[in-house]
Amino acid sequence: MAYLALARSLVHPQGGGLRLHYRTAGRGPPVLLLHGGWGERAYPWDAAMEALAVEHRVIALDRAGYGGSDDVPALADGFHAAMAEETLAALDALRVDEVALWGHSDGAVVAAFTALAAPRRVKALVLEAVHFFAAKPASLPFFRDAVDAPERFGPELAALLEQDHGARWREVLARGGRAWLRIIARGLAERGDLYGGRLGEIAAPTLLLHGRHDPRTEPGELEALQRALPAARFALVEAGHSPHTSARAGAESVAAAVRFIRGAWPAGRG
């Protein structure tokens with residue numbers, strides 16, 4: 001298992017150091033994969049890594065509090081932006097300067113904040129199942145179950161989460177659920193987006209990869225996202241919240257993302 005050490009992380013409650021687990025494959029221009037709010041094993045990157053590793057150095061990072069990385073007691077308000085800073089620190093530790101980012105769900109939000117924080121470093125951006133609205137009333141029961149009754153998601157998922165996070169898997173879901181319940185409450189009161197109106201400042205070429213049947217997407221959210229990023233390419237596939245692992249659209253989704261990322265670098269570089 002591979003680890004990197006951060007002397008300081010904004011995700012740490014006292015701003016202290018953290019150790020992050022990652023896995024890597026391939027050689028060439030680097031691509032960083034950022035998992036969603038349940039960790040990687042719920043929606044594994046295996047097929048994406050295999051496809052990308054043909055031409056790229058691909059890195060799948062466990063963010064703080066997930067998988068093999070050090071634990072954190074809670075996700076504070078603004079945790080997506082804090083994890084973006086953590087992502088940049090991790091890239092520094094890995095000696096990676098320019099990078100393509102592919103984020104899923106919460107990881108897509110982190111990837112977007114990373115592109116806003118360091119536009120020079122992000123060569124391409126794949127935002128898969130990205131959240132845009134802060135107000136997500138249709139998802140309130142989902143996040144309440146994550147806090148109070150994670151077993152309702154079924155024994156198969158529970159086994160995957162325990163494999164990824166160990167005995168802390170219920171708390172991984174609960175702290176993410178608590179953080180999102182706060183986000184939704186503020187969103188319902190303020191009617192803003194997650195990015196403070198800044199998403200359109202993203203300079204990197206962007207692919208919006210989204211499932212047509214994503215249950216975490218509110219009515220009108222995709223249209224608002226496209227208005228915020230009018231230059232982005234849009235791939236809408238027959239999938240739910242995880243196109244890259246979809247039985248029906250997984251191969252199509254991975255191929256679309258790989259083609260898009262390949263175009264971020266001049267031919268022959270790497």
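Which residue in β5 does Leu-33 stand opposite? To answer this in the viewer, which shows a predicted model, select strand β3 (residues 30-34) and strand β5 (residues 99-104); the two run parallel and are joined by 4 bridges. The residue opposite Leu-33 is Trp-102.

Next, extend the selection to the whole sheet. It is open and mixed in its pairing, with 8 strands in the order β1-β2-β4-β3-β5-β6-β7-β8. Select β1 (2-6) and β8 (233-237): these stand at the edges, and each has a single partner strand, so one side of each lacks a neighbour in the sheet. From one strand to the next, the twist averages 20°.

Proceed to helix α6 (residues 169-190). Its 22 residues should span 32 Å at 1.5 Å a residue, and the end C-alpha atoms are indeed 32 Å apart, so expectation and model agree. Colour its buried residues, among them Trp-169, Arg-175, Trp-180 and Gly-187. Their cover includes α2 (79-93), α3 (106-117), α4 (140-148) and α5 (155-165). Just after the helix, select Arg-191, where phi is positive, at about 60°.

Finally, turn to the interior. The largest nonpolar core has 67 residues, and the members touching the most others are Leu-125, Leu-127, Tyr-195 and Ile-202. Helix α3 supplies the largest share of this core, 8 residues. Centre the view on Leu-125: leaving aside residues up to four places away in sequence, its contacts include Leu-101, Ala-111, Ala-115, Ile-202, Pro-205 and Phe-260. Phe-260 leads to the last selection, a second, separate core of 25 residues that also includes Trp-45, Val-126 and Leu-209.

Technical notes:
Residues numbered from 1 in each chain as written. Predicted model: local features only at pLDDT ≥ 70, side-chain atom pairs only at ≥ 80, totals over all residues. Heavy atoms only, no water. Expected span 1.5 Å × (residues − 1). Buried < 20%, exposed > 50% of the residue type's maximum accessible area, 1.4 Å probe, protein only. Contact = heavy atoms within 4.5 Å. Pairing = 2+ DSSP bridges. Axes fitted to C-alpha atoms, helices over the stretch in contact; angles between N-to-C directions. Core = buried A, V, L, I, M, F, W, Y, C linked by side-chain atoms within 4.5 Å.
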